[in-house]
Amino acid sequence: MSGSNSMPSGASFLWESAAGRTINAPELFTEDQREIARAARKFAATEIFPRIAQIESKKSGLVPELLRKAGELGLLMVDIPPEYGGLGLDKTTSMLIAEEFSVVGSFAVSLGAHTGIGTMPILYFGTPEQKAKYLPDLATGQKFAAYALTEASSGSDALAAKTRADLSTDGTHYLLNGTKQFITNAGFADVFTVFAQIGGKKFSALIVDRTSPGLTVGPEEHKLGIRGSSTCALSFEDVKVPAGNLLGEVGKGHRIAFNILNVGRIKLGVGTIGAAKCALEVSAKYAKERHQFGKPIGAFGLVASKLAEMAIGIFVGESMGYRTTGLIDQRFAASTDEDAHVAAIEEFAVEASIIKVYGSEVLDYCADECVQIHGGYGFIEEYQPERLLRDSRINRIFEGTNEINRLIVPATILKRAMKGQAPLIERAAFIRASLAKGQAPAAGEGEFGVATQVVEFCKWIATYVLAVAAETYHVNIADEQEILGELSDIISHVFALDTAVARVRQIVEGTGGKNEMNKAVARDLLAAFAPPAYSFCVHTARHILMDVCEPESLQSHLDAIGKMRIDWPSKVIAAKRRIARAVLEADGYPIQRET
Ligand SMILES: Cc1cc2nc3c(=O)[nH]c(=O)nc-3n(C[C@H](O)[C@H](O)[C@H](O)COP(=O)(O)OP(=O)(O)OC[C@H]3O[C@@H](n4cnc5c(N)ncnc54)[C@H](O)[C@@H]3O)c2cc1C
């Protein structure tokens, strides 16, 4: 709950009521946002898609050439303010571009690394001089950027980097020594943000030019997926970096590294949902074309069910992603100050991790089932599903592995609660007292009455078990990763449920345009998603309590959760069949946007 009262706060989905809230969603995109999305879609269709084979074969110079063309159309400058040659548009627009390019993983990763983790350290942490020197060329694609954090012996444990920078005795430059591993765009980037220990112990960031003597770029890695993207090691041997290239403050590199990753995580989450839409489209078309036993395979329940599951995951992931970009945009709009922007990004760290994990796992599901729906053809290189599956896999590894991101979710909430920045302790006390008096959230009025009640139940359940785990393990909770992982999944389900109910309500209550077409499908998406998600929260909470509590207290905790158990009579299979029919009719994701 940091920040002013009128500003949205991070993770507040856990304690604020779901009722009557408007969230940012594709139905509310402005004409300006849609125009940029159209330009990106056209560019992907005309420039990127026809060159997939050449991109994948690492045709020399092709990716930078395409990036430069994207730059000419203004697609690299969305986040950069006008005074540095950019468009200064909102994060929602920036994410829309990521979504449109996600159909070709290699290109999407190259573009995302340049505009995101490559450019953003300078954008958010650079001095006016550094911004003026680098941003205009990065905005237009005259130069490209990369982000060098990982080392051979420090990946997830990024702060343990060994690369070091020592200030010269005359204070004019740093001498940089060390190696970095797996750096995206390293093959052609002109500018690197390099994280190093200044004086061997103060983790900091430096801007390093490619032309610096002593900087060597290693050979291209040969990868399972995103084969057309550039991934190389970097080595620094007594590289002289001007003292003026220090980014931010000495010893504060972690603020840069982690906040930049937060934006990257949201971008990755939205991008993976875009790729999942592509997998659904390819699957839907094939499920209509391919006949077995005298029928199109899409008519079989077990195939239809996969199409429906894909659409549900996409809907939920898309909704969480754009809800969060809307919240960040709201905070960005309130101030032009970069510190306020960094604070806004930091505020939504929990959502960023959830969106990253959810999107990458939805894409893995969609890409894998796309292969399955294609049967043997799915396994053959010349068909698209094979590439989609290979390209998908990296997303659970970079921008913080999904294990690390799962740990971040409850750890951040607990840390904020300890600092009085999140009302977890008060909420847990209120929930316990209410349940002891037999009071639990009641069903509301109208079409979404039960759904809203169930979302409230899940919020109470999440808060309840989080508090029990925190009280049981105290500071040692960090050693209970299995419990933290399950807590993270419950909290993610709360965010997903809260968001899905809010968006479906908006669609149903909205009028005109594509809203009218989307109403029936949106209702079915909620009907198919919410009951299993609610059951997941209840069952996972019970299992956590069984693992965490001593026998003498267990029953009372299970009874408390029991007060939030209802039978929710729902026809999930029927809803999924209707969703699958809508997917087949739409040749893909059935929720339509104004284009
Ligand atoms: C194609 C590609 C592009 C990349 N691009 C970039 C880039 O542009 N810039 C950059 O800096 N890096 C980049 N990376 C590096 C990437 O971010 C790291 O690979 C990633 O952070 C994981 O680090 P690691 O590979 O050292 O794995 P490790 O950290 O060794 O992890 C190995 C396994 O152990 C698990 N693990 C580790 N620590 C914990 C823990 N505390 N608790 C539970 N589980 C844990 C991990 O989740 C993982 O499953 C890229 C990597 C690839 C493959």
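# Notebook: a look through the predicted model

**Overall build.** I counted 19 helices and ten strands in the chain. I am working from a predicted model. I checked the overall extent next. The C-alpha atoms fill a box of roughly 70 × 60 × 40 Å along the principal axes. A compact globule of 595 residues would have a radius of gyration near 25 Å, and the chain has 24 Å, so the two agree. I then looked up burial: 54% of the 595 residues count as buried. For contacts, I took pairs at least 6 apart in sequence, and 78% of these join residues at least 24 apart.

**Domains.** Which domains is the chain divided into? I found domain 1 at 26-144 and domain 2 at 147-247. Their centres, taken over C-alpha atoms, are separated by 23 Å. Across the boundary, 22 residues of domain 1 are in contact with 18 residues of domain 2. I listed the elements that give two or more residues to the domain 1 side: H2 (52-56), H3 (62-72), H5, H6 (120-125) and H7 (128-140). H5 gives the most to that side, with nine residues. I sorted the residues on this side of domain 1 by type and got twelve nonpolar, seven polar and three charged.

**Helix H5.** I went back to H5 since it had come up at the domain contact. This helix covers residues 105-118. Where is its kink centred? I found the kink centred on Gly-112, with a bend of about 35 degrees. I also checked cover: 14 of the 14 residues of H5 are buried.

**Ligand shell.** I looked up what surrounds the ligand and found 20 residues. The closest are Leu-149, Gly-155, Ser-156, Thr-401 and Glu-403. Strand S1 (145-148), strand S3 (173-184) and helix H13 (402-418) are the elements that give two or more residues to this shell. By type, the shell holds eleven nonpolar, seven polar and two charged residues.

**Positive phi.** I searched for unusual backbone angles. Most residues other than glycine have a negative phi. Asn-185 is not a glycine, yet its phi is positive, about 75 degrees. I placed Asn-185 in the loop between S3 and strand S4 (191-198). Is Asn-185 buried or exposed? Asn-185 counts as buried because it has 28 C-beta neighbours inside 10 Å.

His-474 also caught my eye, with a positive phi near 50 degrees in a residue other than glycine. His-474 sits in the loop between helix H15 (449-473) and helix H16 (481-509). With 7 C-beta neighbours inside 10 Å, His-474 counts as exposed. The cut-off for exposed is 12 or fewer.

**Three spot checks.** I picked residues to see what they touch. In each case I left aside neighbours up to four places away in sequence.

- Ala-279 is in helix H8 (residues 253-289). It has 29 other C-beta atoms within 10 Å, so I note Ala-279 as buried. Ala-279 is in contact with Met-310, Cys-366, Ala-367, Cys-370 and Leu-388. I took one distance as well: Ala-279 and Ile-483 are 33 Å apart, C-alpha to C-alpha, with their places 204 residues apart in sequence.
- Leu-584 is found in helix H19 (residues 572-586). It has 20 other C-beta atoms within 10 Å and is buried. The cut-off for buried is 20 or more, so Leu-584 just qualifies. Leu-584 touches Ala-284, Ala-287, Lys-288 and Gly-298. From Leu-584 to Gly-141 I noted 39 Å in space, C-alpha to C-alpha, and 443 residues in sequence.
- Asp-209 is in strand S5 (residues 202-209). How many other C-beta atoms lie within 10 Å of Asp-209? I found 15, so Asp-209 is partly exposed. Asp-209 touches Asp-190 and Val-191. Asp-209 and Ser-230 are 21 residues apart in sequence and 18 Å apart in space, C-alpha to C-alpha.

Technical notes:
Residues numbered from 1 in each chain as written. Predicted model: local features only at pLDDT ≥ 70, side-chain atom pairs only at ≥ 80, totals over all residues. Bend = angle between axes of the 7 residues up to and from the residue. Helix = DSSP H or I, 4+ residues; strand = E, 2+ residues; numbered from the N terminus. Near = placed C-beta within 6 Å. Nonpolar A, V, L, I, M, F, W, Y, C, P; charged D, E, K, R; others polar. Domains from an automatic or database assignment. Contact = placed C-beta atoms within 7 Å. Rg over C-alpha atoms; globule rule 2.2 N^0.38 Å.
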